[in-house]
Amino acid sequence: MNLLRSILNRMSATGLVLATLFFAFSLTPSLVPRPFAVQGVVSGLSLTAGYALGFAAAWLWRFMEIPMPGPRVDRVVKLGATALCAVTAVIFLWRATGWQNSVREMMGMEPAGGGRFVSMAAIALALFAVMLAIGWAFRRTFHLLSSKLGRFVPHRVSLVIGMVAAFALFWLVIEGVALSWFLRTADRSYQQLDALIEGDLDPPTDALKTGSSASLLAWADLGRRGREFVALGPTAADIEALAGEPAMEPIRVYVGLNAADTAEQRARLALDELQRVGAFERSVLLLVTPTGTGWIDPASQDAVEYLHRGDIATVAAQYSYLPSPLALTTEGEYGAEMARALFVKVYGHWTSLPRERRPRLYLHGLSLGALNSDLSFDAYDILADPFDGVLWVGPPFRSETWKHVTASRAEGSPAWLPRFRDGAVVRFMNQDGGLEVGEAEWGPHRVAYLQYASDPITFFSVDSLYREPAWLRQPRGPDVHAELRWYPVVTFLQLAADMAVGGAPPGYGHSYAAAHYIDAWVALTEPAGWSDEDLERLRALLEAEAE
């Protein structure tokens with residue numbers, strides 16, 4: 001009891017009140033469902049942020065030498081604030097499971113079991129305690145530096161310089177040491193995982209397959225994701241069985257990160273392999289930029305190959321081992337060099353071919369792949385001879401083209417489904433379509449965005465620290481919870497957690513459904529000979545394969 005009283009006496013009443021409010025707000029509905037452990041981390045960080053802001057406000061009050069209440073009044077205020085905070089925390093913890101289950105119900109998921117709020121609170125309090133210890137260490141460092149400086153400069157000047165120096169020292173340790181170590185460790189771990197060769201994936205025997213004995217690329221050099229991409233796609237027989245007519249074997253070319261030392265060399269290998277297998281003789285050529293780990297979503301790739309009855313060639317090159325959220329938050333243009341090099345090689349050869357004999361050329365990317373695909377070319381480079389179109393899915397919040405188009409959207413169109421100018425070039429779609437909407441006819445060069453309003457990778461924003469995001473205003477997307485509210489700082493932390501580990505079923509969040517890929521590819525590339533009944537059978541097939 002004496003220990004608790006001693007701790008409370010040392011803590012800021014303003015900090016405790018703000019910490020509790022932030023903790024409570026962090027338990028309200030989110031974009032996508034969260035595991036209870038992740039919710040505990042979000043709540044712990046919210047506690048810390050609230051306390052830090054309250055403590056800073058009280059410190060500023062004292063620094064300005066504004067009169068403070070006496071010790072007795074201060075003690076009463078702290079006790080009252082503690083009691084109010086405890087009641088508020090219990091009420092919101094009790095409601096937390098219901099809120100999360102309402103999000104799960106909206107997305108067609110089974111409800112999560114209750115009774116985990118105690119563990120969640122324990123995680124939050126443990127993290128809060130760790131952050132308080134770091135804060136105490138920062139405060140001691142600040143006081144030490146300012147006291148040393150106070151011998152040479154005025155008191156208030158020493159405080160300012162000491163604060164800046166302490167921040168610089170802690171940032172150097174966190175960003176320069178801890179974060180660098182984490183990234184190096186993660187990179188090594190994912191590199192080892194990428195090198196694993198699965199026992200059930202044998203090198204192809206078909207000479208036209210990448211990784212075969214006739215290929216310019218060794219099976220081992222494709223990487224784990226590359227081997228999956230080459231080995232697991234639909235065959236000509238699979239396509240014929242669905243379409244009911246003759247089909248071709250789709251061509252897939254993939255260059256792993258270990259295939260060559262530089263992006264330029266890997267791009268050269270990709271072009272040589274494309275020429276070897278006759279990719280430029282197909283009707284459609286697809287240049288895919290994979291996600292951070294080198295993954296290409298089978299739901300998208302399989303869909304476009306079925307739709308074009310195998311008369312399509314696809315090329316992709318790996319640029320990283322790291323998952324997209326990690327690469328995205330640490331380096332916005334991670335992988336752009338590889339994407340640019342591959343585009344230059346493929347596009348350069350494509351433009352050298354006679355227009356009437358070359359395939360239609362499309363670009364595609366999901367998540368970080370969409371960002372790097374966007375960065376792979378300059379509009380001025382293609383004005384004289386533009387390729388046919390792009391499909392960018394779940395574009396990350398750092399995509400400059402996406403940000404510009406969204407900010408310049410037509411008046412009255414929501415941020416989660418913008419209308420850009422007359423729709424002659426750029427169009428957006430979600431679960432309910434959208435690519436068919438445009439005042440003008442969709443031109444020969446088409447830019448298509450597929451995005452969900454509940455996708456945190458797309459709608460995360462640093463501005464959410466202090467400003468309500470446009471996508472939260474009315475009307476809201478069909479997959480955004482009605483009770484989701486914006487709270488300063490807290491919403492930023494919620495979105496960051498949703499972006500890193502949010503788990504939504506296909507059709508929500510950052511998990512894109514095969515049915516929506518099909519709709520996007522049909523609108524963008526207009527494959528011939530597909531009736532509504534045929535498309536329904538394809539949707540059913542791809543959805544069954546995804547389960």
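Below is a short chat about helix 10, strand 4 and the chain as a whole.

Q: Before we start, what kind of model is this?
A: It is a predicted model, where local features need pLDDT of at least 70, side-chain atom pairs count only at pLDDT 80 or more, and totals for chains, interfaces and linings use all residues. Residues are numbered from 1 along each chain as its sequence is written, and side-chain values use heavy atoms, with hydrogens and water left out.

Q: Cool. How many helices and strands does the chain have?
A: There are 19 helices and seven strands, taken as DSSP runs (helices H or I, at least four residues; strands E, at least two) and numbered from the N terminus.

Q: Is helix 10 buried or exposed?
A: Nine of the 10 residues of helix 10 (residues 298-307) are buried, so the rest of the structure largely encloses it. Buried means under 20% relative accessible area, with a 1.4 Å probe and protein chains only. Among them are Gln-301, Asp-302 and Glu-305.

Q: And what happens at its start?
A: A side-chain oxygen of Asp-297 comes to within 3.1 Å of the backbone nitrogen of Ala-299.

Q: Which residue follows helix 10?
A: Arg-309 follows, with a positive phi near 50°.

Q: Switching topic: which strands pair with strand 4?
A: Strand 2 (residues 284-289) pairs with strand 4 in the parallel sense over six bridges, and strand 5 (residues 389-393) runs parallel to strand 4, joined by five bridges. Pairing needs at least two DSSP bridges.

Q: Who sits opposite whom?
A: Leu-287 is opposite Leu-363 of strand 4, while Tyr-362 has Gly-389 in strand 5 as its bridge partner.

Q: How covered is strand 4 itself?
A: Mostly: six of the seven residues in strand 4 (residues 360-366) are buried.

Notes: Buried means under 20% relative accessible area, exposed over 50%, partly exposed in between (1.4 Å probe, protein chains only). A polar contact is a pair of N or O atoms within 3.5 Å; within protein, one must be able to donate a hydrogen and the other to accept it, and residues adjacent in sequence count only if both atoms are side-chain atoms.
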